[in-house]
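User: Hi! I'm new to reading structures, could you walk me through this one?
Analyst: Happy to, here it is.
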Amino acid sequence: MALRPFNAPGARLALRSKRASPLFQGGRGDSEVILDISRLLSRSFHPAPTGIDRVEYVYARELLDRMPDRLAFSAVHPAGGYYGRLDSAAVRQFLAFTAAKWRNARSADVGESKAAVIRHLFATRPRPVPRASGPRVYLQVSPHHLDDHAQVGAILRAEGAKFITLVHDVIPLSHPEYARPQGADEHRRRVRTIDSFANGIIGNSQATIDALAPHMRQGLGGRAIRVAHFGADAPDIFGAKGEALPGRPYFVYISTIEPRKNHLLLLNLWRRMVERLGDAAPVLVLIGRRGWENENVIDMLERAEALRGHVIEAGEVSDNRMQALVANARAMLMPSFAEGFGMPVVEALAAGVPVICSDITAHREVGGDAPDYLDPLDGLGWMQAIEAYSQPDAPARAAQIARLAHWRAPTWRDYFDIVTDLIEEVTASVP
């Protein structure tokens, strides 16, 4: 798929890549790629994935398809310490098991599911790191243990590998008020590790790379930098219909419940709409687990009688149910104050579902001209948009659906073309 400039109508990919120094030269395509899947292993007992879980899974799936003879797997054990190399056949089985579990979260017997996880963890027990026969790159796409500078350094020495990492966001540093109490310090340690060891950096958006740069003491120069937007096509994870849906027009919000996601705005708006409209008010479906620093939101969800039957806290749901809920919604709502990327925006637009989202840089970068954008503090504007979209023949909703015809969904094929190019550039460098 041809890539279009960010400022073009309906643009979806800001590919402002920063090339590394002229030291990169030599043969390409003969390096060994070691993918760290610590995040997936550490969350084996969770029934539903986070966005970062999904990304690590797709990396494993796509790289297995693209470079099966060059790809190896490694991880840090959930109990701590470097896990070493993982058996590739066991990893393939673990990935298949994980995808099936996500599709049907909570549908299997809990005891049987835990036993299956234990079997897969045992099958992926560590093997010794083999002697290198050529250039290697260690690829880590989650923040799993990046806060442990010494451990990452030891891993890279053991592997004799260059290091490429994916940066999802730097929100705990740019907006520490939205992070856990120790979140800023933890993220600062992650950035220190990236600053010390990364030969290549992948940003999920230009907004993320721009936000990262001021925190890199050694700067971004001399490293290979790429911006690549996550794909919206993952048919083996997202599938199925036939799920029970709300009987009235409804909106969805997919997000962990945490301060920067601005749930409180929506809950206060919904209480006001219910007071005015009663059962004619639309329904709000919240998808995602409860996070941190969210006492006011939880109090409203649990104690606000006016919201009963009008706001549904669905929690962690299977991918089958999530897709069905999104596909039939009047719109996806995304009123967050800060994002590194905004995956729900992309996935909803790719499914042809309108999006009403906060007017922030990351959303503009991936959504282009398609969504309706509102200031995350504009309560009246949000209420008016929601009420308008809830009507059967809403002109604003029809206009957005028409704009979607000109919006191009990002694909994983494009994404991994960019990643593969970065891998080859880094591993072709002179030692």
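User: In what order do the six strands of the open sheet run?
Analyst: This is a predicted model, and in it the order is β10-β9-β8-β11-β12-β13, with parallel pairing.
User: Cool. Which ones are the edge strands?
Analyst: Those are β10, residues 311–315, and β13, residues 372–374. Each of them pairs on one side only.
User: And how many degrees does the twist average from one strand to the next?
Analyst: The twist averages 25 degrees.
User: Which helix packs on the sheet?
Analyst: Helix α14, residues 379–389. It touches β8, β11, β12 and β13, and its direction makes about 175 degrees with that of β12.
User: Back to β10 for a second. How many bridges join β9 to it?
Analyst: Four bridges join them, and the two strands run parallel. Strand β9 covers residues 283–287.
User: What stands opposite I287?
Analyst: G315, which is in β10.
User: New topic: where is T427?
Analyst: T427 is in helix α16, which spans residues 412–427.
User: Is T427 buried or exposed, and why?
Analyst: T427 counts as buried because its relative accessibility is 9%, and the cut-off for buried is under 20%.
User: What does the side chain of T427 reach at 2.8 Å?
Analyst: The backbone oxygen of I423. The T427 side chain also has a polar contact of 3.2 Å with the side chain of S31.
User: Leaving aside neighbours within four places in sequence, which residues is T427 in contact with?
Analyst: With S31, P135, R136 and V137.
User: Thanks, that helps!

Technical notes. Residues numbered from 1 in each chain as written. Predicted model: local features only at pLDDT ≥ 70, side-chain atom pairs only at ≥ 80, totals over all residues. Heavy atoms only, no water. Pairing = 2+ DSSP bridges. Axes fitted to C-alpha atoms, helices over the stretch in contact; angles between N-to-C directions. Contact = heavy atoms within 4.5 Å. Buried < 20%, exposed > 50% of the residue type's maximum accessible area, 1.4 Å probe, protein only. Polar contact = N/O pair within 3.5 Å; in protein donor to acceptor, adjacent residues only side chain to side chain.
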